[in-house]
Each structure stands twice: as C-alpha cells, then as structure tokens.
Amino acid sequence: MPLADIQNRIAAETLRSGRPEHSTRLIAVSKVQPNERVEEVLKQGHRVFGENRVQEAAAKWPDFRKAYDEVELHLLGPLQTNKLRQAMELFDYVHTLDRMKLAKRFAVLKEELGHCPKLFIQVNTGNEPQKAGISIEDTSTFVADCRALSLPVIGLMCIPPVEDDPEQHFAMLRDLAKDNDLPELSMGMSSDFELAIAQGATFVRVGSAIFGDRVPLKA
Ligand SMILES: *Cc1c(COP(=O)(O)O)cnc(C)c1O
C-alpha cells in the first residue's frame, strides 16, 4: 500500500478518536527490506524508520543519513548489552528496554557518551514466556527504578500475543502508561494500527503494509 494511504488512514483514525491531528507518528519498519524500497519511502519525504537489529541498521543507515537529512531511527528489536554502545550511537529511540541490567548499562553509557536515546519500556502484556518485556505487575516499579537512574523513559511499548484480540492489550498499556505519567505509547502494526490509535497510540510501527512482504530471516 502506498505510504500516502497509510498516512491518510492514520490521520483519519486519529481525528475519529477525538485526538489532536498530528498526535500519532508513523514509524516505517524497514527491517529486512531491500534498500531500493527504503529509498523510495525516503524520496517521498518520510524520515522516521524502525529496525529490529543493531547490526542490520549499522550496515544500512549511516549511508542513508549522508544522503537524507533528519532521519530519525527507532530500535524495535531485542537489545543485548554488548551491542548497547553501538545502538546508542545509531538510534534516536529504543523501544525495548526490558530489564534492569540493561537499564543500568544505559545509565553508565549515558554519562560516558553524554547522550541517550529516548526510551520505551517493553511490557509483556500477554505474559508470554517466550516474549521479552516487563510484566504488567512489575511495570510501575521498573519505571520508578529507571527514573531513579535518570533515564529518559518516555513511554511503554507492547506486542500483543498473535492469538488475542489486540484491543484489550492496547487498552491495558494505555492505562498503565497513564498510571505512570508516561506520555508516549508505541503500539500497533500493519494489521492493527487503527485499533491501536483508537486506544491512544502515539507511535505506530508499520512495516509490511508500506514496504510489502518481508523475506523472512528465520521461520
Ligand atoms: C516487524 C515489526 C513491526 C512491523 O510489523 P508489520 O506487521 O510488518 O507491520 C512492528 N513492531 C515490531 C516490534 C516488529 O518487530
């Protein structure tokens, strides 16, 4: 689907939900996409992109950033502490802060580098054992601990279980963010971004609906 159609759907749903016109931002998820497809979207003026892997982003984005001004990069995939320094140099936002060890490491490197990406805490709203994220019950404590480390935590992120109705998870995340005075909500993908916007998403992460199907890296 053309980028403009996605942008129109986002704008329409944002207004329909009674929210301010530009309060939902689109992250174009470019992971595993051929560079030509990414460049097409850059040429249309879009500047906000998401990647899942530090390595892949490091191979792709420095060159794009030379060619295009004001690119904003979001890390959406799991983060290992040994990749953290590189991630902090590359990304403007990280959506997957999910454990104390990582939070402490962010705090150390923030001092050393003098900057830190804006952070989302990933919440495992479905309590799925194989999925990363802080449990709903532990989120408020974790937010407080991150604040005590002076980390720039701006919001919460979730990936609902595939078999569930995503709406209830989006609503839970919204309530949890509100309880913790966090203004940003990263939720909604190609198949459900309108539902997420209705529940207050401020960042939607849309990949295949913009770029077409991905060639899967692994099954
Ligand atoms: C891949 C991915 C997306 C985008 O998924 P689509 O279904 O292609 O829109 C969004 N968020 C995360 C965390 C992802 O890994």
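The following exchange concerns a predicted model of a protein chain with a ligand.

Author: In this predicted model, local features need pLDDT of at least 70 and side-chain atom pairs count only at pLDDT 80 or more, while totals for chains, interfaces and linings use all residues. Residues are numbered from 1 along each chain as its sequence is written, and side-chain values use heavy atoms, with hydrogens and water left out.

Reader: What makes the approach of serine 190 to the ligand a polar contact?

Author: A polar contact is a pair of N or O atoms within 3.5 Å. A polar side-chain atom of serine 190 lies 2.5 Å from a ligand oxygen atom, so the pair meets that limit.

Reader: Which backbone atoms approach ligand oxygen atoms?

Author: A backbone N or O atom of glycine 207 lies 2.8 Å from a ligand oxygen, and a polar backbone atom of serine 208 is 2.7 Å from one. The protein buries 90% of the 390 Å² that the ligand exposes when taken alone (Shrake-Rupley method, 1.4 Å probe).

Reader: Why is the chain called as compact as a globular protein of its length?

Author: The chain comes to 9 helices (H or I, at least four residues) and 8 strands (E, at least two), both being DSSP runs. Its radius of gyration, taken over C-alpha atoms, is 17 Å, close to the 17 Å from the globule rule for 219 residues, so the description applies. That rule is 2.2 Å times the number of residues to the power 0.38.

Terms used
Polar contact = N/O pair within 3.5 Å; in protein donor to acceptor, adjacent residues only side chain to side chain.
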